[in-house]
Amino acid sequence: MKLLAKLLAWTLLCSLLAAGCASSGLSETPSASTNNPDSSTSAALQSSIDSQATIYSDDPIKIGGLYPLSGTDAINGENMQKGHDQAIKEINAQGGVECLGGRPLQMVYGDSQGTAEAGISETERLINREHVVVMMGAYHSSVTIPATVTSNKYKIPWIDPNALAAEITSRDLYYVFMTTPTLEQWAHDDARFAYQMGARTAVIMVPNFAFGTEGAQAWNEHLPEEGFTILGSYDYQFGAADFSSAILQVKSKDPDVLFLLANTTDAIHFTQQMKSMNYYPRMAIVNLGGGFTNPNYVLSVGAADAEGIIVTSDWFPNENLPGTVEFARSFQEETGILPTGLVNTTYASTWLLHDVLEKACSLDGTVIADTLHNTTFTPGPDTRWDFQWSQVSFEANGQLKQAQTVIAQYQDGNQVTVYPSELAVEEPIWPVPGWEGR
Amino acid sequence: MSDAVFQVGVKAFINLMNIMGLETFIQVIVNGLLMGGIYALISAGLTLIYGVMYVFNFAHGEFLMMGMFLAYWGYILFDISPFLALPGVFTLIFLFGALIQAGLIHPVLKTKPLRQILLLLGVSTLLTGLASFFFGTEPRTLDFPLLYKNLGTGFLVLNLPRTVAFGASIFIALALFFFLKYSKAGKAIRACSQSRDAARLMGINVRRVYSLTFGLGVGITAIAGTLLATFYPITPTVGETFAITAFAVVALGTMGNFIGALIGGLIIGVAEALGGFYISAVTQGVVAMSIFILILLFKPEGLFTKKNI
């Protein structure tokens, strides 16, 4: 029996080690930051000297990526990584940053675990120990808001392609840039779209974390502005074992539209439980960003049950822009996922960074930030972000001028662009039939 | 006189129900009972292991997760319905659990509880990590044809997979009761639960009984996982969602009392559903934890004074 015990213990130990080695091969394994400088200025100076000293070496230029790589949102962090990695692969295959002697780019990732504390500590590590020249991320606004304060202190530019809170740019931090529309912009356009379609009453249902609260605030502000009556605004426990009470709350108010936020797991669970309770709102379910746009959502619930769900984002793979369909197809072939749910913006922003570095021709944070502030980027022959933006320039606060809302609807398992009209490829199905009418 | 008072009482109750929405109220209660049945099923194994071995299985949620993944892969790879997979899943996890008990838990059984807790937390993290590594973190669902099958008509909706899980939880509580009461192995388990040393003196192989108990406990949990997989998204961290509620259920129903766990599960399920509907859906997590803390403070022995093993 003792032999058996030893054998079992060794087997478990070996499998743990094997898993550990293999996973560290997949990505940079984050570790806790210990390298705290005495003063931020000296660290920034050191980082600047390092950058200048190595500017013409053959070493890759390191770009920091902060994402939730563990915990409930790990799947979203992984998808964002695919967006970065695919762009980096293409950039390096094309010869890296020509102006800097053809140096390749390299992503170095940190795990925010979805928390501000871990996010700040990983930002410190990436900047002070890995010497990244630019930071990107961090999916969660609640992480991005404090982490950008840290990077701004070190004068390291931060390009946010996937966190949505308006607060990220409203603080006028010189080194912080945002390439997505803000949550407020989305909520406003959602409200306008649903009202134009004839909806008049709404219930808001959001998860009890920062993104949910921000979403609820934005909808509560913009829905009445457009003429909606809000019948109820509720929170639910994210990751809960059971949503039946939340669904009954909506059902008892009987709204035209349910404005719902959920991460991927909750979105799947919500849809399935609504169907098993045979409840669908009178006209539609509208949501912004989040789990419903994640490619795994429709894979899990199936095309028939996703049919009619309205999703809000900044781009969809079939919108009426040149190059869009081709990009979506080639990205899916290379990475196995559709570039939706801000993976598109993450990919485009990584390519944009390449153009910025070519233009700045420097690894100094201030020069890079100046370039972002003062340049209007137009597509050239090698540009790969033009499937999403016709050109790129930033407001004084760092917000991308060309970021816009695009609304799509699940039709036959695809997210089909229905708004604004110049990008639409299909008419919206409205009102969306309930479960029995399908 | 008393009849008139009764009539007034009934009328007042009906009025209250109408104000609250009687149909909705009944539906909330029914949903709570169904969810409570699932909590009870998940907690049965936890309370059995504690009742016999005095080990609190902190890796409990991960055995649930393993049951869910086994059901998933059985369905995806071999097209085996989760209901038919139940005996297979139970046997596999039973053997795995017995092995874990013999190889890892037994050596620390007589040491301080902290070592057992740390060991089981380690097993929990290891199992979650391995599942994340091999299966990825994205949620998976069984495309189970009976998922949306509902029993009952009109205003009352009874979702079939949840109702089956509810029925299974009552069946398993009864089966455990008879197994422990009448079978030879069950009597040995009860003897060990009453006194480890006396049982050993009577010639009972305590180590084997413990392996049997731990295997049985986690096997039942895997059954819960298999039934849960028919209607709940599967992720490597799914165990966390249910394990904490299971701890509350076990504390409420008296640690070691599996009939108590059944009743405790139903109480927490209904309390969560009522709180979720009439206060806020955010309170669902809060309800179980509040009950847990109140029980620990004011009635640490749980609702029932005696363990039932």
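B:W73 is partly exposed in this predicted model, with a relative accessible area of 24%. That value sits between the 20% below which a residue counts as buried and the 50% above which it counts as exposed. Its sequence neighbour B:Y72 is buried, at a relative accessible area of 9%. The two side chains also meet as rings: the centres of B:Y72 and B:W73 lie 4.9 Å apart and the planes stand at 80°, so this is an edge-to-face pair. B:W73 has another ring partner in B:F135, with centres 5.6 Å apart and planes at 45°, so that pair is tilted. What makes this second pairing worth a look is that it links distant parts of the chain, since B:W73 belongs to helix α3 (residues 60-78) of chain B and B:F135 to helix α5 (residues 113-135) of chain B, 62 residues apart. B:F135 is partly exposed too, with a relative accessible area of 25%.

These pairs belong to a longer list, for the count over all chains comes to 38 aromatic pairs. In chain A you can find one aromatic cluster formed by A:W315, A:F327, A:F331, A:Y347 and A:F387. A ring can also have a charge as its companion: the charged end of A:R200 sits over the ring of A:Y195, 3.7 Å from the ring centre.

Let us stay with chain A and take in its overall make-up. The chain has 15 helices and twelve strands. Of its 438 residues, 59% are buried. Among its contacts with a separation of 6 or more, 72% are between residues 24 or more positions apart.

Just past A:R200, strand β6 (residues 201-207) of chain A is a good place to see burial at work, as seven of its seven residues are buried. Look at how the side chains alternate: A:T201, A:V203, A:M205 and A:P207 point one way from β6(A), A:A202, A:I204 and A:V206 point the other way, and all of them are buried. The strand also has neighbours in the sheet. Seven bridges join β6(A) to strand β7 (residues 229-236) of chain A, and the two run parallel. Within that pairing, A:V203 has A:G232 as its bridge partner. To get from β6(A) to β7(A) the chain passes through helix α8 (residues 210-226) of chain A, and this β-α-β crossover is right-handed. β6(A) is also joined by four bridges to strand β8 (residues 257-260) of chain A, again in the parallel sense. Here A:A202 is matched with A:V257.

For an antiparallel arrangement, move along to strands β11 (residues 406-411) and β12 (residues 414-419) of chain A, which pair over five bridges. A:A408 stands opposite A:T417 in β12(A). The hairpin has two residues between the strands, and A:D412 takes a positive phi near 55° there. β12(A) is mostly covered, with five of its six residues buried.

Now for the helices. Helix α3 (residues 74-93) of chain A has 20 residues, which at 1.5 Å a residue should span 28 Å, and its end C-alpha atoms are indeed 28 Å apart. Because 14 of those 20 residues are buried, α3(A) is largely enclosed by the rest of the structure. Just after α3(A), A:G95 takes a positive phi of about 110°. Chain B offers a companion example in helix α9 (residues 206-228), whose 23 residues reach 33 Å from first C-alpha to last, close to the 33 Å expected. α9(B) is mostly covered, with 20 of its 23 residues buried.

Finally, two residues show where the chains touch. B:N159 lies in strand β2 (residues 158-159) of chain B, and its relative accessibility of 5% makes it count as buried. Leaving aside neighbours within four places in sequence, B:N159 is in contact with A:S276 from the other chain, as well as with B:L34, B:L147, B:Y148, B:K149 and B:N150. On the chain A side, A:D305 lies in helix α12 (residues 303-306) and counts as buried at 7% relative accessibility. Not counting residues up to four places away in sequence, A:D305 touches A:T271, A:K275, A:W435 and A:R438, and it reaches B:Y148 too. B:Y148 thus appears in both lists, as a contact of B:N159 and of A:D305.

Terms used: Residues numbered from 1 in each chain as written. Chains lettered and ligands numbered in written order. Predicted model: local features only at pLDDT ≥ 70, side-chain atom pairs only at ≥ 80, totals over all residues. Heavy atoms only, no water. Expected span 1.5 Å × (residues − 1). Buried < 20%, exposed > 50% of the residue type's maximum accessible area, 1.4 Å probe, protein only. Phe/Tyr/Trp six-rings, centres within 6.5 Å; stacked < 30°, edge-to-face > 60°. Lys NZ or Arg CZ within 6 Å of the ring centre and 35° of its normal. Pairing = 2+ DSSP bridges. Right-handed = clockwise from strand over helix to strand, strands pointing away. Contact = heavy atoms within 4.5 Å.
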